[in-house]
Amino acid sequence: MAAWKDGYWWSKDGLRLHYRDYAGAGLPILCIPGLTRNARDFAAVADRLAGRHRLILVELRGRGESAASKDPMSYVPPTYLDDIQILIDELALDRFILFGTSLGGLLSMLIAAVNIGKIAGIVINDIGPVIEPKGLARIRGYVGRSASYPTWLHAARSLAGTQRVNYPDYTLEQWLEMAKRVCRLTSAGRIVHDYDPAIAEPFRAMEPPADVDMWPLLSALKHVPGLLLRGAISDVLSDATARRMVDECPQLERVDVPRIGHAPTLFEPESVAAIDRLLARIGAAKDFGG
């Protein structure tokens, strides 16, 4: 495991937020996890790339070691964007790469739109301007449900019950690894999901307005080297949306990860190879003044 330092910053409403900081010589990579995830989701990526790049693994409010909000309605993208922008400014990130999974991918697109000229490259992991209703309904069905488990094996079996549709070939060992990424051990000796259940309140209430067009977000990425990862059996990012994203962003390489739904973990062989190709492209662009 690569070494990291714990970093903290403060939100506008007084929450102490957390990130992992892995040292490296290359361009910083800002990693933003999905709705119920935390910094551990990117630990394998950081272990592989640390040294070559500085990796900053963000934990959104209410996840991991970041403080929970007293106001559940602050668990929304505009607030997450405000939080992350404060961190970008405090760390003086003038040129950086974005890795975003699911909600983190949407936030990455928003960050790119308000940091024109600063984004050297982007990984968008299984999300797009159109979110499929079937996938949204499935996620709403489990997020925020209170649960605790006596052992890691119980937690792993519970995850398999809700997530097997996304990872049909996973072994028990892989479910145990996932459980240790998404859950934590409490002082009472129980295992719980590592997020504030209140994050579900605005998410369950949210209906994407029919008149809101998120496609303009891609305009900031038309000339940015990028990677669009899609689970080949994803119920969140459709093939049609992925095709349009690539059509609108000529530098966006699309890779479909076989036998994976929402979302790829970033350490499948196809994901690893695609990330390495992207970083090579970014390095080449930098060498030639791009």
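The paragraphs below go through a predicted model, from its strands to a helix between two of them and then to the buried residues.

An open sheet is built from 3 strands in the order β7-β9-β8, with antiparallel pairing. Strands β7 (148–149) and β8 (183–185) stand at its edges, and each has a single partner strand, so one side of each is left without a neighbour in the sheet. Between β8 and β9 (residues 191–193), which run antiparallel, there are 3 bridges. One residue pair can be used to locate this pairing: Cys 183 has His 193 in β9 as its bridge partner.

A parallel pairing is found further along the chain. Strand β10 (residues 226–231) and strand β11 (residues 252–257) run parallel and are joined by 6 bridges. The chain gets from β10 to β11 by way of helix α8 (residues 239–248), and this β-α-β crossover is right-handed. Within the pairing, Gly 231 has Val 257 in β11 as its bridge partner.

Helix α8 has Thr 241, Ala 242 and Met 245 as its buried residues. Viewed down the axis of α8, these buried residues fall within an arc of 100°, so they line one face of the helix. The elements that cover the buried residues of α8 include β10 and β11, together with β6 (119–125). The two strands that α8 connects are therefore among the elements covering its buried residues.

Helix α7 (residues 200–205) contains Phe 203. The relative accessibility of Phe 203 is 12%, and buried means under 20%, so this residue counts as buried. Apart from neighbours within four places in sequence, Phe 203 is in contact with Leu 35, Leu 136, Ile 139, Arg 140 and Val 143. Another pairing of positions involves Met 73: its C-alpha atom is separated by 9.1 Å from that of Phe 203, although the two residues are 130 residues apart along the chain.

The last topic is the nonpolar cores. In soluble globular proteins, nonpolar side chains tend to be buried together. The largest nonpolar core here has 52 residues, of which Leu 30, Ile 84, Leu 98 and Leu 221 touch the most other members. Leaving out residues up to four places away in sequence, Leu 98 touches Leu 30, Ile 32, Ser 108, Ile 111, Ala 112, Ile 119, Gly 121, Ile 122 and Val 123. A second core, separate from this one, has 41 residues, including Cys 31, Ala 156, Met 178 and Leu 279.

Definitions and conventions
Residues are numbered from 1 along each chain as its sequence is written. This is a predicted model: local features need pLDDT of at least 70, side-chain atom pairs count only at pLDDT 80 or more; totals for chains, interfaces and linings use all residues. Side-chain values use heavy atoms; hydrogens and water are left out. Two strands pair if DSSP finds at least two bridges between them. Helices (H or I, at least four residues) and strands (E, at least two) are DSSP runs, numbered from the N terminus. A crossover is right-handed if, with the strands pointing away from the viewer, the path from the first strand over the helix to the second runs clockwise. Buried means under 20% relative accessible area, exposed over 50%, partly exposed in between (1.4 Å probe, protein chains only). The arc is that of the directions from the helix axis to the C-beta atoms. Contact means heavy atoms within 4.5 Å. A nonpolar core is a set of buried Ala, Val, Leu, Ile, Met, Phe, Trp, Tyr and Cys residues joined through side-chain atoms within 4.5 Å.
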